[in-house]
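Please open the structure in your viewer and keep the selection tool at hand. This tour proceeds stop by stop, stating what to select and what is found there.

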Amino acid sequence: MIKNNAPLPPLPLEGSGEASTICALATAPGGAIAVIRVSGDKSFDAVSSICAVRCKEVAPNTVHYTHLKDGSEIVDECMVSIFRAPHSYTGEDAVEISCHGSQYIINKVLELLVQNGCRMAGPGEYTMRAYLNGKMDLSQAEAVADLIASTNKATHQLAMNQLRGGISSELSQLRDQLLKLTSLLELELDFSDHEDLEFADRSELHELAKNIDNRVTQLAESFQTGNALKNGIPVAIVGAPNVGKSTLLNALLGEERAIVSDIQGTTRDAIEDTMLLNGITFRFIDTAGIRHTDDQIENLGIERSKAAAQRARIILLMTEPGVPYPTLETRDDQTIIRIENKTASFQAKFGIGIDALKHQLVEAAPKTSESNVIITNARHYDALVRAHQAIQRVINGLQQQLSGDLLSEDLRQALDILSEITGGQITPNEVLGNIFKNFCVGK
(Lines give C-alpha, C1' and ligand atoms only; values in the text may rest on other atoms or scores of the structure.)
Protein backbone atom coordinates (compact mmCIF):
# COMPACT_ATOMS: atom_id res chain seq x y z
CA MET A 1 0.00 0.00 0.00
CA ILE A 2 1.31 3.46 -0.92
CA LYS A 3 1.39 5.85 2.02
CA ASN A 4 0.31 9.41 1.25
CA ASN A 5 1.95 11.20 4.18
CA ALA A 6 5.59 11.27 3.17
CA PRO A 7 7.60 14.23 4.53
CA LEU A 8 8.34 17.03 2.12
CA PRO A 9 11.66 16.27 0.39
CA PRO A 10 14.48 18.83 0.15
CA LEU A 11 13.83 21.50 -2.46
CA PRO A 12 15.74 21.00 -5.73
CA LEU A 13 18.11 23.78 -6.70
CA GLU A 14 17.06 25.73 -9.77
CA GLY A 15 18.66 24.30 -12.88
CA SER A 16 20.18 21.37 -11.00
CA GLY A 17 18.12 18.72 -12.75
CA GLU A 18 17.18 17.23 -9.37
CA ALA A 19 13.44 17.90 -9.71
CA SER A 20 11.50 14.66 -9.74
CA THR A 21 8.08 13.66 -10.99
CA ILE A 22 5.51 13.45 -8.20
CA CYS A 23 2.10 11.83 -7.82
CA ALA A 24 -0.63 11.95 -5.17
CA LEU A 25 -4.34 11.64 -4.59
CA ALA A 26 -5.82 15.14 -4.95
CA THR A 27 -9.34 14.39 -3.72
CA ALA A 28 -10.67 13.33 -0.33
CA PRO A 29 -10.91 9.54 0.07
CA GLY A 30 -14.33 7.93 0.16
CA GLY A 31 -15.89 9.61 -2.88
CA ALA A 32 -17.24 7.97 -6.02
CA ILE A 33 -14.49 9.55 -8.15
CA ALA A 34 -10.82 10.07 -7.31
CA VAL A 35 -8.38 12.44 -9.01
CA ILE A 36 -4.70 11.52 -8.99
CA ARG A 37 -2.25 14.26 -9.91
CA VAL A 38 1.07 13.67 -11.66
CA SER A 39 3.53 16.54 -12.21
CA GLY A 40 7.10 16.75 -13.48
CA ASP A 41 9.19 16.20 -16.58
CA LYS A 42 8.52 12.41 -16.60
CA SER A 43 4.76 12.66 -15.99
CA PHE A 44 3.79 12.00 -19.64
CA ASP A 45 6.02 8.90 -19.84
CA ALA A 46 4.79 7.58 -16.49
CA VAL A 47 1.11 7.87 -17.40
CA SER A 48 1.57 6.57 -20.96
CA SER A 49 3.22 3.46 -19.51
CA ILE A 50 0.00 2.43 -17.73
CA CYS A 51 -2.63 3.40 -20.33
CA ALA A 52 -3.15 3.71 -24.09
CA VAL A 53 -2.95 7.53 -24.22
CA ARG A 54 0.27 8.79 -25.80
CA CYS A 55 0.51 11.90 -23.61
CA LYS A 56 3.40 13.51 -25.51
CA GLU A 57 1.57 13.28 -28.82
CA VAL A 58 -1.93 14.49 -27.93
CA ALA A 59 -2.95 18.13 -27.77
CA PRO A 60 -2.61 19.90 -24.42
CA ASN A 61 -5.70 20.78 -22.36
CA THR A 62 -7.55 17.73 -23.66
CA VAL A 63 -9.29 14.86 -21.85
CA HIS A 64 -9.10 11.24 -23.00
CA TYR A 65 -11.03 8.10 -22.07
CA THR A 66 -8.80 5.08 -21.53
CA HIS A 67 -8.12 1.94 -19.48
CA LEU A 68 -5.50 1.86 -16.76
CA LYS A 69 -3.52 -1.39 -16.96
CA ASP A 70 -1.12 -3.39 -14.87
CA GLY A 71 0.49 -5.32 -17.69
CA SER A 72 -2.42 -7.02 -19.47
CA GLU A 73 -4.79 -6.68 -16.49
CA ILE A 74 -7.29 -3.79 -16.60
CA VAL A 75 -7.29 -1.89 -13.31
CA ASP A 76 -9.97 0.69 -14.13
CA GLU A 77 -11.66 2.83 -16.76
CA CYS A 78 -10.66 6.46 -16.39
CA MET A 79 -10.33 9.92 -17.91
CA VAL A 80 -6.87 11.39 -18.41
CA SER A 81 -6.39 15.20 -18.63
CA ILE A 82 -3.20 16.52 -20.26
CA PHE A 83 -1.49 19.81 -19.30
CA ARG A 84 1.72 20.94 -20.97
CA ALA A 85 4.25 23.25 -19.29
CA PRO A 86 4.00 26.08 -18.48
CA HIS A 87 0.21 25.99 -18.72
CA SER A 88 -0.56 23.86 -15.67
CA TYR A 89 -1.11 24.44 -11.97
CA THR A 90 2.54 23.70 -11.18
CA GLY A 91 3.98 25.17 -14.36
CA GLU A 92 5.32 21.70 -15.27
CA ASP A 93 4.08 18.94 -17.58
CA ALA A 94 1.17 17.47 -15.64
CA VAL A 95 -1.55 14.82 -15.93
CA GLU A 96 -4.70 14.33 -13.89
CA ILE A 97 -6.19 10.84 -13.78
CA SER A 98 -9.90 10.69 -12.88
CA CYS A 99 -10.67 7.11 -11.80
CA HIS A 100 -13.19 5.38 -9.55
CA GLY A 101 -12.82 6.10 -5.84
CA SER A 102 -12.11 2.56 -4.69
CA GLN A 103 -9.21 2.55 -2.23
CA TYR A 104 -7.83 -0.53 -4.00
CA ILE A 105 -7.87 1.27 -7.39
CA ILE A 106 -6.27 4.42 -5.93
CA ASN A 107 -3.49 2.47 -4.24
CA LYS A 108 -2.91 0.37 -7.37
CA VAL A 109 -2.65 3.41 -9.67
CA LEU A 110 -0.23 5.16 -7.29
CA GLU A 111 1.81 1.97 -7.02
CA LEU A 112 2.03 1.69 -10.83
CA LEU A 113 3.05 5.34 -11.16
CA VAL A 114 5.81 4.91 -8.58
CA GLN A 115 7.01 1.81 -10.42
CA ASN A 116 7.22 3.93 -13.59
CA GLY A 117 9.39 6.76 -12.32
CA CYS A 118 7.22 8.85 -9.97
CA ARG A 119 7.52 9.38 -6.25
CA MET A 120 4.81 10.26 -3.74
CA ALA A 121 4.35 14.01 -3.25
CA GLY A 122 4.78 15.62 0.15
CA PRO A 123 2.24 17.99 1.74
CA GLY A 124 1.81 21.14 -0.35
CA GLU A 125 4.43 20.12 -2.89
CA TYR A 126 2.26 20.90 -5.92
CA THR A 127 1.60 24.43 -4.67
CA MET A 128 5.24 24.87 -3.70
CA ARG A 129 6.25 23.95 -7.26
CA ALA A 130 3.70 26.46 -8.55
CA TYR A 131 5.41 29.12 -6.41
CA LEU A 132 8.94 28.09 -7.44
CA ASN A 133 7.91 28.12 -11.10
CA GLY A 134 6.44 31.63 -10.86
CA LYS A 135 2.78 30.62 -11.18
CA MET A 136 1.93 32.45 -7.95
CA ASP A 137 3.71 34.34 -5.19
CA LEU A 138 4.08 33.07 -1.64
CA SER A 139 1.05 34.91 -0.23
CA GLN A 140 -1.12 33.45 -3.01
CA ALA A 141 0.27 29.98 -2.31
CA GLU A 142 -0.71 30.32 1.35
CA ALA A 143 -4.17 31.43 0.23
CA VAL A 144 -4.65 28.02 -1.41
CA ALA A 145 -4.48 26.36 2.02
CA ASP A 146 -6.82 28.99 3.49
CA LEU A 147 -9.29 28.45 0.64
CA ILE A 148 -9.35 24.70 1.28
CA ALA A 149 -9.79 25.31 5.03
CA SER A 150 -12.49 27.99 4.66
CA THR A 151 -15.65 27.10 6.56
CA ASN A 152 -17.91 30.04 5.76
CA LYS A 153 -18.51 32.80 3.22
CA ALA A 154 -16.34 35.35 5.04
CA THR A 155 -13.22 33.17 5.23
CA HIS A 156 -13.79 31.98 1.65
CA GLN A 157 -13.95 35.60 0.45
CA LEU A 158 -10.78 36.52 2.36
CA ALA A 159 -8.90 33.57 0.86
CA MET A 160 -10.15 34.32 -2.67
CA ASN A 161 -9.07 37.96 -2.34
CA GLN A 162 -5.58 36.85 -1.33
CA LEU A 163 -5.43 34.17 -4.04
CA ARG A 164 -6.35 36.76 -6.68
CA GLY A 165 -3.45 38.95 -5.58
CA GLY A 166 -5.12 41.43 -3.21
CA ILE A 167 -2.25 41.42 -0.72
CA SER A 168 0.33 41.19 -3.51
CA SER A 169 -1.10 44.32 -5.15
CA GLU A 170 -1.03 46.27 -1.88
CA LEU A 171 2.56 45.28 -1.20
CA SER A 172 3.60 46.09 -4.75
CA GLN A 173 2.32 49.64 -4.29
CA LEU A 174 4.12 49.96 -0.96
CA ARG A 175 7.36 48.67 -2.48
CA ASP A 176 7.09 51.22 -5.31
CA GLN A 177 6.71 54.03 -2.76
CA LEU A 178 9.60 52.72 -0.67
CA LEU A 179 11.79 52.48 -3.79
CA LYS A 180 10.89 56.07 -4.68
CA LEU A 181 11.88 57.20 -1.18
CA THR A 182 15.10 55.18 -1.38
CA SER A 183 16.03 56.60 -4.78
CA LEU A 184 15.46 60.19 -3.61
CA LEU A 185 17.68 59.62 -0.57
CA GLU A 186 20.41 57.90 -2.58
CA LEU A 187 20.32 60.68 -5.18
CA GLU A 188 20.88 63.14 -2.37
CA LEU A 189 23.73 60.98 -1.08
CA ASP A 190 25.44 60.52 -4.47
CA PHE A 191 25.34 64.20 -5.46
CA SER A 192 25.53 65.90 -2.09
CA ASP A 193 28.68 67.77 -3.17
CA HIS A 194 26.87 69.45 -6.09
CA GLU A 195 25.55 72.62 -4.50
CA ASP A 196 23.80 73.69 -7.72
CA LEU A 197 21.45 70.63 -7.69
CA GLU A 198 18.09 70.71 -5.94
CA PHE A 199 16.92 67.65 -4.03
CA ALA A 200 13.61 66.69 -2.56
CA ASP A 201 12.77 68.67 0.54
CA ARG A 202 13.21 66.61 3.71
CA SER A 203 9.67 67.53 4.77
CA GLU A 204 8.36 65.92 1.56
CA LEU A 205 10.38 62.79 2.28
CA HIS A 206 8.99 62.77 5.81
CA GLU A 207 5.42 63.02 4.48
CA LEU A 208 6.01 60.19 2.00
CA ALA A 209 7.45 57.97 4.75
CA LYS A 210 4.47 58.73 7.02
CA ASN A 211 2.00 57.81 4.27
CA ILE A 212 3.78 54.51 3.71
CA ASP A 213 3.83 53.79 7.43
CA ASN A 214 0.13 54.60 7.81
CA ARG A 215 -0.80 51.98 5.21
CA VAL A 216 1.54 49.37 6.70
CA THR A 217 -0.03 50.05 10.12
CA GLN A 218 -3.57 49.74 8.71
CA LEU A 219 -2.73 46.38 7.18
CA ALA A 220 -1.14 45.15 10.42
CA GLU A 221 -4.13 46.30 12.48
CA SER A 222 -6.50 44.45 10.12
CA PHE A 223 -5.02 41.18 11.44
CA GLN A 224 -7.24 41.41 14.52
CA THR A 225 -10.30 41.54 12.25
CA GLY A 226 -8.96 38.80 10.00
CA ASN A 227 -8.22 36.57 12.96
CA ALA A 228 -11.75 37.08 14.30
CA LEU A 229 -13.32 36.24 10.95
CA LYS A 230 -11.10 33.19 10.57
CA ASN A 231 -11.67 31.74 14.04
CA GLY A 232 -15.15 33.09 14.79
CA ILE A 233 -16.09 36.57 16.01
CA PRO A 234 -16.05 36.42 19.83
CA VAL A 235 -19.37 37.54 21.36
CA ALA A 236 -19.56 37.74 25.18
CA ILE A 237 -22.97 37.53 26.87
CA VAL A 238 -22.60 39.63 30.03
CA GLY A 239 -25.02 40.70 32.76
CA ALA A 240 -26.13 40.28 36.36
CA PRO A 241 -27.16 36.81 37.58
CA ASN A 242 -30.55 35.47 36.47
CA VAL A 243 -31.23 38.04 33.73
CA GLY A 244 -31.39 35.25 31.12
CA LYS A 245 -27.85 34.95 29.73
CA SER A 246 -27.86 31.15 29.52
CA THR A 247 -31.41 31.21 28.14
CA LEU A 248 -30.25 33.67 25.47
CA LEU A 249 -27.33 31.41 24.49
CA ASN A 250 -29.71 28.45 24.14
CA ALA A 251 -32.14 30.56 22.08
CA LEU A 252 -29.40 31.76 19.73
CA LEU A 253 -27.99 28.26 19.21
CA GLY A 254 -31.39 26.59 19.03
CA GLU A 255 -30.38 23.94 21.55
CA GLU A 256 -30.03 23.42 25.33
CA ARG A 257 -26.31 24.21 25.47
CA ALA A 258 -26.25 25.95 28.86
CA ILE A 259 -27.94 24.92 32.12
CA VAL A 260 -30.74 27.33 33.08
CA SER A 261 -31.58 27.79 36.77
CA ASP A 262 -33.32 30.33 39.01
CA ILE A 263 -30.52 29.97 41.54
CA GLN A 264 -28.06 32.89 41.38
CA GLY A 265 -24.45 32.03 40.58
CA THR A 266 -25.24 28.79 38.71
CA THR A 267 -22.85 29.62 35.85
CA ARG A 268 -19.36 29.45 37.34
CA ASP A 269 -17.32 29.15 34.14
CA ALA A 270 -17.59 30.46 30.59
CA ILE A 271 -19.48 28.26 28.10
CA GLU A 272 -18.53 28.60 24.43
CA ASP A 273 -20.24 27.54 21.22
CA THR A 274 -20.39 28.74 17.62
CA MET A 275 -23.04 29.39 15.02
CA LEU A 276 -23.15 30.59 11.41
CA LEU A 277 -25.13 33.73 10.53
CA ASN A 278 -25.15 35.06 6.95
CA GLY A 279 -21.88 33.32 6.15
CA ILE A 280 -20.10 34.61 9.29
CA THR A 281 -19.06 32.43 12.22
CA PHE A 282 -19.84 33.85 15.67
CA ARG A 283 -18.28 32.38 18.82
CA PHE A 284 -20.63 32.97 21.75
CA ILE A 285 -19.36 32.98 25.33
CA ASP A 286 -21.92 32.66 28.14
CA THR A 287 -20.33 34.11 31.27
CA ALA A 288 -20.98 34.03 35.00
CA GLY A 289 -23.35 36.71 36.32
CA ILE A 290 -21.57 39.84 37.53
CA ARG A 291 -22.50 40.84 41.09
CA HIS A 292 -20.89 41.43 44.50
CA THR A 293 -20.41 38.14 46.35
CA ASP A 294 -18.21 36.65 49.08
CA ASP A 295 -18.18 33.24 47.35
CA GLN A 296 -14.55 32.75 46.23
CA ILE A 297 -15.45 30.25 43.51
CA GLU A 298 -18.16 32.53 42.09
CA ASN A 299 -15.75 35.46 42.20
CA LEU A 300 -13.33 33.49 40.04
CA GLY A 301 -16.14 33.01 37.51
CA ILE A 302 -16.93 36.75 37.62
CA GLU A 303 -13.29 37.63 36.94
CA ARG A 304 -13.33 35.27 33.98
CA SER A 305 -16.52 36.98 32.77
CA LYS A 306 -14.78 40.35 32.77
CA ALA A 307 -11.77 38.88 30.99
CA ALA A 308 -14.04 37.32 28.34
CA ALA A 309 -15.74 40.69 27.84
CA GLN A 310 -12.32 42.30 27.33
CA ARG A 311 -11.42 39.78 24.60
CA ALA A 312 -14.79 39.94 22.84
CA ARG A 313 -15.41 41.86 19.63
CA ILE A 314 -19.13 42.17 20.45
CA ILE A 315 -20.67 42.34 23.94
CA LEU A 316 -24.32 41.44 24.53
CA LEU A 317 -24.95 43.42 27.72
CA MET A 318 -28.07 41.98 29.37
CA THR A 319 -30.42 43.18 32.06
CA GLU A 320 -34.09 42.93 32.98
CA PRO A 321 -36.55 45.51 34.33
CA GLY A 322 -35.33 46.86 37.69
CA VAL A 323 -31.78 45.43 37.34
CA PRO A 324 -28.95 47.84 36.38
CA TYR A 325 -26.51 47.04 33.60
CA PRO A 326 -23.11 45.95 34.99
CA THR A 327 -20.24 48.39 34.64
CA LEU A 328 -17.54 47.16 32.25
CA GLU A 329 -14.26 48.48 30.91
CA THR A 330 -14.61 48.39 27.11
CA ARG A 331 -12.47 49.23 24.08
CA ASP A 332 -13.24 51.60 21.22
CA ASP A 333 -13.25 48.73 18.72
CA GLN A 334 -15.92 46.78 20.63
CA THR A 335 -19.61 46.85 19.76
CA ILE A 336 -21.98 46.91 22.76
CA ILE A 337 -25.52 45.66 22.15
CA ARG A 338 -27.78 46.36 25.15
CA ILE A 339 -30.59 43.87 25.75
CA GLU A 340 -33.43 44.34 28.27
CA ASN A 341 -34.81 40.84 28.69
CA LYS A 342 -38.26 39.82 29.97
CA THR A 343 -39.99 42.76 28.29
CA ALA A 344 -42.65 42.97 25.59
CA SER A 345 -40.06 43.40 22.83
CA PHE A 346 -37.49 40.85 24.04
CA GLN A 347 -37.99 37.53 25.80
CA ALA A 348 -35.16 35.07 25.28
CA LYS A 349 -37.16 32.25 26.87
CA PHE A 350 -39.86 32.48 24.17
CA GLY A 351 -37.65 33.54 21.26
CA ILE A 352 -39.11 37.04 21.07
CA GLY A 353 -36.57 39.48 19.59
CA ILE A 354 -34.01 36.80 18.74
CA ASP A 355 -34.25 37.31 14.94
CA ALA A 356 -33.76 41.07 15.37
CA LEU A 357 -30.73 40.41 17.59
CA LYS A 358 -29.21 38.09 14.98
CA HIS A 359 -29.60 40.87 12.41
CA GLN A 360 -27.79 43.28 14.78
CA LEU A 361 -24.95 40.77 15.17
CA VAL A 362 -24.50 40.47 11.41
CA GLU A 363 -24.52 44.27 11.06
CA ALA A 364 -21.88 44.59 13.81
CA ALA A 365 -19.55 42.03 12.21
CA PRO A 366 -16.55 43.23 10.16
CA LYS A 367 -17.35 43.50 6.46
CA THR A 368 -15.34 41.81 3.73
CA SER A 369 -15.29 42.52 0.02
CA GLU A 370 -13.18 41.74 -3.03
CA SER A 371 -11.45 45.13 -2.73
CA ASN A 372 -10.98 44.99 1.05
CA VAL A 373 -7.55 43.63 1.99
CA ILE A 374 -7.56 42.03 5.45
CA ILE A 375 -4.56 40.21 6.90
CA THR A 376 -5.35 36.73 8.24
CA ASN A 377 -1.88 35.15 8.31
CA ALA A 378 0.31 35.47 11.43
CA ARG A 379 3.47 35.38 9.27
CA HIS A 380 2.27 38.36 7.26
CA TYR A 381 1.32 40.23 10.44
CA ASP A 382 4.77 39.67 11.94
CA ALA A 383 6.44 40.98 8.77
CA LEU A 384 4.22 44.08 8.69
CA VAL A 385 5.04 44.87 12.33
CA ARG A 386 8.76 44.60 11.60
CA ALA A 387 8.39 46.73 8.45
CA HIS A 388 6.53 49.36 10.52
CA GLN A 389 9.42 49.43 13.01
CA ALA A 390 11.96 49.92 10.21
CA ILE A 391 9.92 52.74 8.61
CA GLN A 392 9.50 54.37 12.03
CA ARG A 393 13.29 54.50 12.29
CA VAL A 394 13.35 56.25 8.90
CA ILE A 395 10.74 58.80 10.06
CA ASN A 396 12.67 59.46 13.27
CA GLY A 397 15.92 59.72 11.32
CA LEU A 398 14.41 62.29 8.95
CA GLN A 399 13.27 64.34 11.93
CA GLN A 400 16.77 64.16 13.42
CA GLN A 401 18.39 65.06 10.07
CA LEU A 402 20.39 61.82 9.92
CA SER A 403 22.47 61.17 6.81
CA GLY A 404 20.93 59.48 3.80
CA ASP A 405 23.15 56.39 4.04
CA LEU A 406 21.80 55.55 7.51
CA LEU A 407 18.21 56.10 6.39
CA SER A 408 18.72 54.02 3.24
CA GLU A 409 19.77 51.03 5.32
CA ASP A 410 16.45 51.05 7.21
CA LEU A 411 14.53 51.54 3.97
CA ARG A 412 16.24 48.54 2.38
CA GLN A 413 15.39 46.52 5.47
CA ALA A 414 11.72 47.53 5.17
CA LEU A 415 11.75 46.49 1.50
CA ASP A 416 13.31 43.11 2.33
CA ILE A 417 10.78 42.48 5.10
CA LEU A 418 7.78 43.21 2.86
CA SER A 419 9.29 40.96 0.19
CA GLU A 420 9.23 38.09 2.69
CA ILE A 421 5.43 38.07 2.49
CA THR A 422 5.26 37.41 -1.24
CA GLY A 423 8.59 35.61 -1.53
CA GLY A 424 9.96 38.35 -3.77
CA GLN A 425 13.45 37.72 -2.49
CA ILE A 426 15.30 34.45 -2.04
CA THR A 427 13.38 32.52 0.60
CA PRO A 428 15.29 29.93 2.69
CA ASN A 429 14.26 26.30 2.20
CA GLU A 430 13.43 25.89 5.89
CA VAL A 431 10.99 28.82 5.67
CA LEU A 432 9.28 27.24 2.64
CA GLY A 433 9.18 23.88 4.37
CA ASN A 434 7.50 25.45 7.42
CA ILE A 435 4.90 27.20 5.24
CA PHE A 436 3.93 24.16 3.19
CA LYS A 437 4.16 21.43 5.84
CA ASN A 438 0.54 21.88 6.92
CA PHE A 439 -0.89 21.68 3.41
CA CYS A 440 -2.88 18.60 2.50
CA VAL A 441 -1.16 16.05 0.28
CA GLY A 442 -2.24 16.47 -3.35
CA LYS A 443 -2.26 20.26 -3.13
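The tour visits two sheets, a helix pair and a cavity.

The model is predicted, so local features need pLDDT of at least 70 and side-chain atom pairs count only at pLDDT 80 or more, while totals for chains, interfaces and linings use all residues. Residues are numbered from 1 along each chain as its sequence is written, and side-chain values use heavy atoms, with hydrogens and water left out.

**Stop 1: the sheet from β3 to β6**

Select the strands β3, β4, β5, β2, β1 and β6, which in this order form an open sheet of 6 strands with mixed pairing. Strands (E, at least two residues) and helices (H or I, at least four residues) are DSSP runs, numbered from the N terminus. Two strands pair if DSSP finds at least two bridges between them. Which strands stand at the edges? They are β3 (62–70) and β6 (119–120), each of which pairs on one side only.

Begin with β3 and β4 (residues 73–83), which are joined by 9 bridges in the antiparallel sense. Here Y65 has M79 of β4 as its bridge partner. In the hairpin of these strands, with 2 residues between them, select G71, which takes a positive phi near 70°.

Continue from β4 to β5 (residues 94–100): this pair is antiparallel, with 5 bridges. Across it, S81 stands opposite E96 in β5.

Now move to β1 (residues 22–25), which runs parallel to β6 and is joined to it by 2 bridges. Select C23 to find M120 of β6 opposite. Add helix α3 (residues 125–132), which lies across β1, β2 (33–39) and β6 and runs at about 135° to β1. Such angles run from 0 to 180 degrees between N-to-C directions, with axes fitted as lines to C-alpha atoms, for helices over the stretch in contact.

**Stop 2: the sheet from β8 to β11**

Select β8, β9, β7, β10 and β11: these 5 strands form, in that order, an open sheet with mixed pairing. Because β8 (271–277) and β11 (335–340) each have a single partner strand, one side of each is left without a neighbour in the sheet. Neighbouring strands of this sheet are turned by 25° against each other on average, direction ignored.

At one edge, β8 is antiparallel to β9 (residues 280–286), and 7 bridges join them. Select D273, whose bridge partner in β9 is F284.

**Stop 3: helices α8 and α10**

Keep the second sheet visible and add α8, which lies across β7 (233–239), β8, β9, β10 (314–319) and β11, at about 155° to β9. Two packed helices are described by the angle between their axes and the distance between the axes. Helix α8 (residues 245–253) packs with helix α10 (residues 354–364) at an angle of about 80°, and their axes are 11 Å apart. This angle makes α8 roughly perpendicular to α10, a term for angles of 65 to 115 degrees.

Which residues make the contact? Select L248, A251 and L252 of α8, together with I354, L357, K358 and L361 of α10. Contact means heavy atoms within 4.5 Å. By class, these residues are 6 nonpolar, no polar and 1 charged. Ala, Val, Leu, Ile, Met, Phe, Trp, Tyr, Cys and Pro count as nonpolar, Asp, Glu, Lys and Arg as charged, and the others, Gly among them, as polar.

**Stop 4: the cavity**

Finally, select L158, N161, Q162, I167, N372, V373 and I374, which line the largest cavity. A cavity is a set of points on a 1 Å grid over the protein atoms alone where a 1.4 Å probe fits but cannot get out, and lining residues have an atom within 4 Å of a point. The structure holds 1 cavity of 30 Å³ or more. The volume of the largest is about 40 Å³, a volume being the space filled by probe spheres set on the points. Helix α5 (residues 153–163) gives the largest share of its lining, 3 residues. The lining has 4 nonpolar, 3 polar and no charged residues.

Definitions and conventions:
On a 1 Å grid over the protein atoms alone, a cavity is a set of points where a 1.4 Å probe fits but cannot get out, and a pocket is an open set with protein on both sides within 12 Å along at least five of seven lines; lining residues have an atom within 4 Å of a point. Angles under 35 degrees count as roughly parallel, over 145 as roughly antiparallel, 65 to 115 as roughly perpendicular and the rest as oblique.
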